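These are my notebook entries on one protein model. I record below what I looked up, entry by entry.

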Amino acid sequence: MPALPTVRRRILGAELRQLREGLGLTTSEMGERIGWHQSKVSRVESGRSGIRTHEIPSVLDAYEVAAADARTSLSALATEGRQRMWWTPYSDVITPRYASYIALEADATSMRSFRDTLIPGLLQTPEYTRAVLGALQPDLTPNATDALVSVRLARQNAVLRRSDPLGLRVVLDEAALRRAIGGAQTMAQQLRHLLEASDEPRIALQVLPFAAGAHAGMTGSFMILQFPVRSDLDVVYTESHTSSIQLERKSDLTTYSQLFENICATALNAASSRDLIAHVIKDLE
């Protein structure tokens, strides 16, 4: 599996790019200083590639980082960006695309999520996850299915049970509540889990009811991930069955942030959302 663009690596790349531009050098000229091809400079500055431990001193020299504290900070970012992550043992069952998303999610401080057909992975029960996997990937072996369910649970523990939990705002289309994935019993259990999760102080949940009619989110699901230190590293993430799109431009972030707020304004408030979820549970039972 290729190296992952963790937030630490992206922060390092952004800092190096700013230093290079301050020196008035092109990526090609910086590459000549270090002994890299221009493309490697671009990959490092975009966070797509890391820096090997033995390369760190020469890279910092090339970018003219002289202050001891700055060298220590950037060296730490470079080293941390190459650490093995908790999901590495699952590399035989998760795709590079999925691993890249997990890396982003693991470093995010907050997430805003609109889902139109499925319960978000971070709030899924194991039984619901298993039913979703069976529908989306029918050729999975039982062992692979078990492993992916374990990954889903590990993701939840990694970001929702850490000392500073991820702040999660979710808006669910009513369709995500009404589709009885895995059958009525599994779905009722899933919705009860949603109600329990909505009691968590860092989790906010709203439902967009069918009665709302046409709404701003009809183009589909999306997530906005926010990160510490630098807001310019925030990401909009959308995906389909075969691909994903990661948007990082400020204009995209502004558009999707406003879109999310529009959806929230149309959705039921927290109390009414809980009432609707409870009503659907009764229908299932």
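**Entry 1. Overall make-up**

How many helices and strands does the secondary structure of the protein come to? I found 12 helices and six strands. I note at the outset that the model is predicted. I looked up the extent of the C-alpha trace, which spans about 70 × 40 × 35 Å along its principal axes. Of the 285 residues in the protein, 47% are buried. I then turned to the contacts with a separation of 6 or more, and residues 24 or more positions apart account for 73% of them.

**Entry 2. The sheet**

I next asked in which order the strands of the sheet are arranged. The sheet is open, has six strands and follows the order S3-S2-S1-S4-S5-S6, with mixed pairing. S3 and strand S6 (244-247) each have a single partner strand and stand at the edges, so each has one side without a neighbour in the sheet. On average, neighbouring strands of this sheet are turned by 15° against each other, direction ignored.

**Entry 3. Strand S2 and its partners**

I followed S2 to both of its sides. Strand S1 (residues 110-115) runs parallel to S2, and six bridges join the two. In this pairing I noted Phe114, whose bridge partner in S2 is Val171, and Arg115, whose bridge partner in S2 is Leu172. S2 and strand S3 (residues 203-208) also run parallel and are joined by six bridges. Here I recorded that Asp173 has Leu208 in S3 as its bridge partner.

Why is strand S2 described as largely enclosed by the rest of the structure? Six of the seven residues of S2 (residues 167-173) are buried, so the strand is largely enclosed in that sense. The cut-off I applied for a buried residue is under 20% relative accessible area.

**Entry 4. Two single residues**

I looked up Ala204, which has its place in strand S3. Is Ala204 buried or partly exposed? Its relative accessible area is 37%, and Ala204 is therefore partly exposed. Not counting residues up to four places away in sequence, Ala204 touches Leu168, Arg169 and Val170. I also checked Ala204 against Ile94, which is 110 residues apart from it along the chain, and their C-alpha atoms are separated by 29 Å.

I then looked up Val280, found in helix H12 (residues 270-284). Val280 has a relative accessible area of 2% and is therefore buried. Leaving aside neighbours within four places in sequence, I found Val280 in contact with Leu177, Arg178 and Leu191. Val280 and Ala147 are 133 residues apart along the chain, with a separation of 31 Å between their C-alpha atoms.

**Entry 5. The largest pocket**

How much space lies in the largest pocket? I recorded about 1000 Å³. The lining of the largest pocket consists of 39 residues, and those nearest its centre are Arg97, Arg115, Leu136, Glu239 and Ser240. Among the elements that give two or more residues to this lining I listed S1, S2, strand S4 (222-226) and strand S5 (235-239). Helices that do so include helix H7 (126-136), helix H8 (142-160) and helix H11 (250-266). Helix H6 supplies the largest share of the lining, four residues. By class, I noted 20 nonpolar, 12 polar and seven charged residues in the lining of the largest pocket.

Arg115 thus appears twice in my notes: it is bridged to Leu172 in S2, and it is one of the residues nearest the centre of the largest pocket.

**Entry 6. The cavity**

I searched the whole structure for cavities of 30 Å³ or more, and one was found. About 40 Å³ of space lies in the largest cavity. Which residues line the largest cavity? I listed Leu12, Leu16, Ile51, Ile56, Val59, Leu60, Leu74, Ser75 and Ala78. Helix H1 (7-23), helix H4 (56-62) and helix H5 (68-80) each supply at least two residues of this lining. By class, the lining of the largest cavity has eight nonpolar residues, one polar residue and no charged residues.

Conventions: Residues numbered from 1 in each chain as written. Predicted model: local features only at pLDDT ≥ 70, side-chain atom pairs only at ≥ 80, totals over all residues. Heavy atoms only, no water. Buried < 20%, exposed > 50% of the residue type's maximum accessible area, 1.4 Å probe, protein only. Pairing = 2+ DSSP bridges. Contact = heavy atoms within 4.5 Å. Axes fitted to C-alpha atoms, helices over the stretch in contact; angles between N-to-C directions. 1 Å grid on protein atoms, 1.4 Å probe; cavity = no way out; pocket = protein on both sides within 12 Å on 5 of 7 lines; lining within 4 Å. Points joined across faces, edges and corners; volume = space filled by probe spheres on them. Nonpolar A, V, L, I, M, F, W, Y, C, P; charged D, E, K, R; others polar.
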